[in-house]
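Colleague: I'm new to this one and would like a close look at one small part of it. Could you take me through that corner slowly, and say what your terms mean along the way?

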Amino acid sequence: MPRTGDRPPRPGERTRATSGPALDALDFTLDRTSPVPLYHQLSQQLEAAIEHGALTPGNLLGNEIDLSTRLGLSRPTVRQAIQSLVDKGLLVRRRGVGTQVVHSQVKRPLELSSLYDDLETAGQGPTTQVIRNERVPATADVAAALGIPEGAEVTLLERLRSTHGQPVAFLCNYLPPALLDLDTARLEGTGLYRLLRAAGVTLHSARQTIGARSATAEEAVLLTERTGAALLTMQRTAYDDSGRAVEYGTHVYRASRYAFDFRLLVRP
């Protein structure tokens, strides 16, 4: 039901409205006849604008009174929509300033794809800092994942992936050294899987495990989180079309800024 102050709907009416300094280029569609509450419709559309980069960190949305006037909604409706995004960490209220975009949460499909490609497709403007790019002896875990003898030489990559100037993930990858020449400058300008494809490697499948744990002190510094903050983890071994293991990765992601997106199907 609309809150007090929201104009009663007319049969079949859908309301379209633009709003706010940072929202001038956005067009909101609010269906007043829908069973979905107006605050939820508004919060979903704001979240989508943040997720796809139409609203970026630092953008101001104005105060609740301005927003309610521009959108033709009651102030409690707008307040509830904003609060839902504040609770998710996407918006922040600043006294004397108004409501401001903090950052977007990256929602990544659970498939064999590159984080760089997924972020770029979502308009997140990914950047990469290469921390390590060197040859090291394979540990037992790395050797087992890549199907090579323990102690054999592998290429170790450690990279910090960011969006809008804020770190999202710390990526650690191991590859057979004969696979391709991994130039640091190229790694900072594109994604690893793009370089593999450019070298003629056809990625076919992967084994992947997702988990969660607390951030170590070193990870907290890299990801600008507090020690002990929640992190999502992913371990992945990727195979080419011949069944050869071509990459083993152990990644950690800021839980406050990152989520895996699942699609579940019911078996008949």
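Modeller: Let's start with Gln 41, which is buried, at a relative accessible area of 9% (buried is under 20%, exposed over 50% and partly exposed in between, using a 1.4 Å probe and protein chains only). Before going on, keep in mind that this is a predicted model, where local features need pLDDT of at least 70 and side-chain atom pairs count only at pLDDT 80 or more, while totals for chains, interfaces and linings use all residues. Residues are numbered from 1 along each chain as its sequence is written, and side-chain values use heavy atoms, with hydrogens and water left out.

Gln 41 belongs to helix H1, residues 38–51 (helices are DSSP runs of H or I with at least four residues, strands are runs of E with at least two, and both are numbered from the N terminus). Its side chain makes a polar contact with the backbone oxygen of Val 36, at 2.9 Å (that is a pair of N or O atoms within 3.5 Å; within protein, one must be able to donate a hydrogen and the other to accept it, and residues adjacent in sequence count only if both atoms are side-chain atoms). Setting aside residues up to four places away in sequence, Gln 41 touches Thr 29, Leu 30, Asp 31, Ser 34 and Val 36 (a contact means heavy atoms within 4.5 Å).

Next along is Leu 42, also placed in H1 and buried, at 2% relative accessibility. Leaving out neighbours within four places in sequence, Leu 42 is in contact with Phe 28, Leu 30, Leu 71, Leu 73, Val 78 and Ala 81. The C-alpha atoms of Leu 42 and Thr 77 are separated by 8.9 Å, though these residues are 35 apart along the chain.

That takes us to the packing of helices. H1 and H3 have their axes 8 Å apart, at an angle of about 45° (axes are lines fitted to C-alpha atoms, for helices over the stretch in contact, and angles run from 0 to 180 degrees between N-to-C directions). The two are therefore oblique to each other (under 35 degrees is roughly parallel, over 145 roughly antiparallel, 65 to 115 roughly perpendicular, and the rest oblique). H1 and H3 make a right-handed crossing (the near helix is turned clockwise from the far one by less than a right angle; anticlockwise would be left-handed). From H1, Leu 38, Tyr 39, Leu 42, Ser 43, Leu 46 and Glu 47 make the contact, and from H3 come Thr 77, Val 78, Gln 80, Ala 81, Ser 84 and Leu 85. By class, that gives 7 nonpolar, 4 polar and 1 charged residues (Ala, Val, Leu, Ile, Met, Phe, Trp, Tyr, Cys and Pro are nonpolar, Asp, Glu, Lys and Arg charged, and the others, Gly among them, polar).

H3 has another partner here. The axes of H2 (residues 64–71) and H3 (residues 75–87) come within 9 Å and cross at roughly 115°, which makes H2 roughly perpendicular to H3. This crossing is right-handed too. Glu 64, Ile 65, Leu 67 and Ser 68 of H2 meet Arg 75, Val 78, Arg 79 and Ile 82 of H3, and these residues divide into 4 nonpolar, 1 polar and 3 charged.

For the wider setting, the protein chain has 8 helices and 13 strands, and 45% of its 268 residues are buried.
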